[in-house]
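Hi,

Here is the structure I promised to pass on. Have a look at it first, and then read my notes below.

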Amino acid sequence: MKIENDNGCGWLNQLPKRLNIKTLNEDHICDYLIVGAGYTGLSVARKLSEIDNKKNIILIDAQLAGEGGSSRNSGYLVDTTLNDGFTSNKDIENYKKKVKIYELGIKTVKKYIKEHQVDCDFNECGKYFASSKIEDEVIAKSFSNLLSKLGYKNKILDQKELQSRLGTSFYNIAVFTDGGILLNPGKLVRSMVDTLPDNVKLYENSQIYNWKKINNKIECFTKKHKITTKKIIFCTNGFLKYLNVKKNYSFPITLTASLTRKLTDKEFKEIGSPKEWGVLPIRPMGATIRMTKDRRILIRNTAELRNPFSMNRNELNKRAAIHKEGIKKRFKQLPDNIIESSWSRRLLQWIWNWSRNTIR
Ligand SMILES: Cc1cc2nc3c(=O)[nH]c(=O)nc-3n(C[C@H](O)[C@H](O)[C@H](O)COP(=O)(O)OP(=O)(O)OC[C@H]3O[C@@H](n4cnc5c(N)ncnc54)[C@H](O)[C@@H]3O)c2cc1C
């Protein structure tokens, strides 16, 4: 299995090319080795450095740092989620704990953005859990009750209200909640790469193929070199099992997304010039769709278990056709050929979460 860079992602294509990319070209010894430089690995590196800035930390990635799932997502930062299970009292206790973790994540991102003055199109505009199916009103109401019980402000919206806010009559029901942030994920993660602490050495385009524990040391191998470390932290997302870690507890799912070009003034006016918005699905694995600050539409409406892990252009085009159909259903008046980029990525799913979130 080889992880490679590609130029399909619309968020990444908006960024300047990186300079000063270092690959691993000799053996190293370190205190901590972090494998995978997405949001998880970059955050771990930052935290470890905060705890002890004398430690020798190596962060290594098979491709360019931050250019995996971390740049390729839909850019939602949310406090509450719908498909997390909340039908029993025990579920609700777990749900509350998860929301606290999500809130801490949001607080940490906000603090980071403020400290480093990051421009990542951060917009606290809330989020819509929406459906075109009238029968989903039952789920929407039950979720709204839960949110009210937990003290989260929310509102049920009907088709008319949704049309005026989103510019489409496609949705029949939605729960709107304040706790949702939209941002440009490529810009955020790029800034995290650019501001790594001094005691973190970053090596990119350097894949770890295997590792072994010898007494209290760990040896890790790229194709040509070795890193010897006291501690190792795996932050490889959907590639975890390829390094023989938690093989029986997780599996990868592949998501694909597309981003359109900017809508013209005329096209934007025709759909009612809506403010930036983000819709999440009421049903598990339904469509995520958002209108960006610069008037693009992002859509993710596929999720699949598949092998091999990367998609060729032909396969991506087939998913892009599904995205096009999704956009067309919502915005009939827009032309057919407005998708500018499409991409895919593997994500880690824990077996326990998967069954809880998808079986209702
Ligand atoms: C289309 C799509 C939409 C999404 N939408 C959202 C959203 O709106 N909100 C949200 O919160 N999440 C969303 N996600 C999920 C989110 O992107 C991931 O949860 C997040 O990127 C995980 O970050 P990470 O650092 O764990 O993984 P990644 O960013 O994937 O980083 C893992 C890194 O590990 C590296 N790696 C793997 N194996 C090796 C190896 N053997 N040696 C060296 N390096 C290795 C990879 O190259 C990669 O850079 C979405 C994902 C996708 C694909």
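Helix α2 has 28 residues and covers 41 Å between its first and last C-alpha atoms, close to the 40 Å expected at 1.5 Å a residue. Keep in mind as you read that this is a predicted model. The buried residues of α2 are Asp91, Ile92, Tyr95, Val99, Ile106, Val109, Tyr112 and Ile113. Just past the end of the helix, Gln117 has a positive phi of about 50°.

I looked at two residues of α2 in more detail. Tyr95 sits in this helix, which runs over residues 89–116. Its relative accessibility is 1%, and because buried means under 20%, Tyr95 counts as buried. What does the polar end of that side chain have beside it? A polar atom of the Tyr95 side chain lies 2.5 Å from the backbone oxygen of Thr81. If you want a distance to check by eye, the C-alpha atoms of Tyr95 and Leu150 are separated by 10.0 Å, with these positions 55 residues apart along the chain.

Asn94 is also found in α2. Is Asn94 buried or partly exposed? Its relative accessibility comes to 29%, so Asn94 goes down as partly exposed, the class between 20% and 50%. From Asn94 to Phe129 the C-alpha distance is 21 Å, and the two are 35 residues apart in sequence.

Next, strand β6. Thr177 belongs to this strand, which spans residues 173–177. At 2% relative accessibility Thr177 is buried. Its side chain makes a polar contact with the side chain of Lys127, at 2.6 Å. Setting aside neighbours within four places in sequence, Thr177 is in contact with Thr80, Gly126, Lys127, Phe129, Leu147, Lys153 and Asn154. So Lys127 turns up in both the polar contact and the contact list, and Phe129 in that list is the residue I paired with Asn94 above.

Asp136 is a loop residue, placed between β4 (127–131) and α3 (137–149). Despite the loop, Asp136 is buried, with a relative accessible area of 2%. Which residues does Asp136 contact, leaving aside neighbours within four places in sequence? They are Ser131, Ile173, Ile282 and Arg283.

Now the ligand. There are 29 residues around it, and Thr40, Asp61, Ser70, Tyr76 and Ile208 come nearest. By type, the shell divides into 12 nonpolar, 13 polar and 4 charged residues. Three elements each supply at least two residues of the shell: α1 (39–51), β12 (250–260) and β16 (339–350).

Here are the polar side-chain approaches to oxygen atoms of the ligand that I noted:

- Thr40, one of the nearest residues, has a polar side-chain atom 2.6 Å from a ligand oxygen.
- Asn73 has a polar side-chain atom 3.2 Å from a ligand oxygen.
- Gln63 has a side-chain N or O atom 3.3 Å from a ligand oxygen.

As for cover, the ligand taken alone exposes 1,000 Å², and the protein buries 85% of that.

If you open the model, I would start with Tyr95 and Thr81, then go to Thr177 and Lys127, and finish with Thr40 beside the ligand.

Cheers

Notes. Residues are numbered from 1 along each chain as its sequence is written. This is a predicted model: local features need pLDDT of at least 70, side-chain atom pairs count only at pLDDT 80 or more; totals for chains, interfaces and linings use all residues. Side-chain values use heavy atoms; hydrogens and water are left out. A residue is near a molecule or strand if one of its heavy atoms lies within 4 Å of it. A polar contact is a pair of N or O atoms within 3.5 Å; within protein, one must be able to donate a hydrogen and the other to accept it, and residues adjacent in sequence count only if both atoms are side-chain atoms. Accessible areas come from the Shrake-Rupley method with a 1.4 Å probe; for residues, only the protein chains shown count as cover. Helices (H or I, at least four residues) and strands (E, at least two) are DSSP runs, numbered from the N terminus. Ala, Val, Leu, Ile, Met, Phe, Trp, Tyr, Cys and Pro count as nonpolar, Asp, Glu, Lys and Arg as charged, and the others, Gly among them, as polar. Buried means under 20% relative accessible area, exposed over 50%, partly exposed in between (1.4 Å probe, protein chains only). Contact means heavy atoms within 4.5 Å. The expected span of a helix is 1.5 Å times one less than its number of residues.
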